[in-house]
Amino acid sequence: MQKTTQLGSDRAYDILRSEHQPLDAIFAPQSIAVIGASEHEGSVGRTVLWNLISHPFGGTVFPVNPKRHSVLGIKAYPNIAAVPEPVDLAIVITPAPTVPSVIGECVDAGVKGAIVISAGFNEAGDRGAELEQQLLQHLRRSKLRLIGPNCLGIRPEDEPLMIQFHQTLSEESVYFRYFHLIKLSQRVAHERLTRICFIDYDREMALIADYRNPQTEQHEILAVGRLSKLHGTNAAEFAMLVSDRFQCRGLGTQLLQQLLQVGRDEHLERICAEILSDNGAMQRVCEKLGFQIYRAQDASVVRAEIVL
Ligand SMILES: CC(C)(COP(=O)(O)OP(=O)(O)OC[C@H]1O[C@@H](n2cnc3c(N)ncnc32)[C@H](O)[C@@H]1OP(=O)(O)O)[C@@H](O)C(=O)NCCC(=O)NCCS
């Protein structure tokens, strides 16, 4: 399940009152501070920093680590206030209890956007909820845009591909996937794609079938499958969507098979989905892969379920 902090009427959620392109700091930063950058093999702090320096994004990276003078060979700073240049985006990977003060320091330093990867907030009981409130206090006094907490990864490069993908879908496919029609303009709205292009890997997994045209080297998304853990259970729900041109060629079956494997790897007990009764193709794919199909009380839907 994706986790986005609901900020209600908070300034951080109020797009209309903000300046021009407030999400540029997150999607097109000129400078990134990695707070909690680390050299520990296998740590998220190392992976994030390594990804940023091995796939240059065109800006400057500042590791922040109070205990080291350098991380992966790059000069490190003890805190965000010590970073000598303005920072567009802070990626925060410090223990949850430290995150509110880290974000407070980011606000004071004029950082424009932050992605908090650290877990241990609302999802972790009363103490975590309290930390999340402290985090919100800092956001309320600032214009800083925050993604998270407890979220990993953002793939801004997926957004244009997702727009193209949605342009390939018929109304029937959209109806089968979402159970009602959603206009193309709504489906590809930047705010919506921002939400679906980042994933909380603790609770959600998305797989994409990507085709690279060997002549043009252009990529195209052919299908998207998603597995979302159901709250408080060891089960997950799947959803999938195959581009109309590529339906009935075995892609949906392949994708669902892969999602089942992800479920097994994650030691889930079962995977299920609600499917519209007249969606014969989806039910057929489920049957082929061993799902049981149950009639629901509402005759317009059926429930597919497989025990792993
Ligand atoms: C449902 C969907 C994901 C299936 O993907 P796909 O790539 O077309 O699936 P496959 O080609 O692997 O398999 C489709 C199977 O359904 C069968 N089928 C197609 N239309 C059918 C229909 N109206 N009734 C019964 N079976 C049908 C195909 O013959 C094929 O079975 P077969 O391999 O035994 O011949 C895809 O059609 C899609 O994205 N639909 C729109 C969105 C959607 O319905 N999402 C699911 C919401 S949970």
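Val48 is buried in this predicted model, because its relative accessible area is 12% and the cut-off for a buried residue is under 20%. The residue sits in helix α2, which runs over residues 44-54. If neighbours within four places in sequence are set aside, the contacts of Val48 are with Val34, Ile91, Ile93 and Ile117. Another residue to look at from here is Ala37: 11 residues separate Val48 and Ala37 in sequence, and their C-alpha atoms are 7.7 Å apart in space.

Val48 is one residue of a chain of 308, of which 46% count as buried. The protein is built from 10 helices and 13 strands. Contacts between residues at least 6 apart in sequence can be sorted by their separation along the chain, and 65% of them join residues at least 24 apart.

A second place to study is helix α9, residues 251-265. How far apart should the ends of α9 be? With 15 residues and 1.5 Å a residue, the helix should span 21 Å. The C-alpha atoms at its ends are 21 Å apart, so the model agrees with the expected span.

Which residues of α9 are buried? They are Gly252, Thr253, Leu255, Leu256, Leu259, Leu260, Val262 and Gly263. The cover over these buried residues includes several strands, namely β8 (204-212), β9 (219-229), β10 (235-242), β11 (270-276) and β13 (301-307). Helix α10 (280-288) is also among the elements that cover them. Just after α9 comes His267, which takes a positive phi of about 60 degrees.

The pairing of α9 with α10 can be described further. In general, two packed helices are described by the angle between their axes and by the distance between those axes. Here α9 and α10 pack at an angle of about 50 degrees, and their axes are 10 Å apart. That angle makes α9 oblique to α10, because angles from 35 to 65 degrees fall outside the ranges for roughly parallel and roughly perpendicular. The crossing of α9 past α10 is right-handed.

On the α9 side, the contact is made by Gly252, Thr253 and Leu256. On the α10 side, Met282, Val285, Cys286 and Lys288 take part. By type, the residues of this contact comprise four nonpolar, two polar and one charged. Gly252, Thr253 and Leu256 also appear among the buried residues of α9.

Methods: Residues are numbered from 1 along each chain as its sequence is written. This is a predicted model: local features need pLDDT of at least 70, side-chain atom pairs count only at pLDDT 80 or more; totals for chains, interfaces and linings use all residues. Side-chain values use heavy atoms; hydrogens and water are left out. Helices (H or I, at least four residues) and strands (E, at least two) are DSSP runs, numbered from the N terminus. The expected span of a helix is 1.5 Å times one less than its number of residues. Buried means under 20% relative accessible area, exposed over 50%, partly exposed in between (1.4 Å probe, protein chains only). Contact means heavy atoms within 4.5 Å. Axes are lines fitted to C-alpha atoms, for helices over the stretch in contact, and angles run from 0 to 180 degrees between N-to-C directions. Angles under 35 degrees count as roughly parallel, over 145 as roughly antiparallel, 65 to 115 as roughly perpendicular and the rest as oblique. A crossing is left-handed if the near helix is turned anticlockwise from the far one by less than a right angle, and right-handed if clockwise. Ala, Val, Leu, Ile, Met, Phe, Trp, Tyr, Cys and Pro count as nonpolar, Asp, Glu, Lys and Arg as charged, and the others, Gly among them, as polar.
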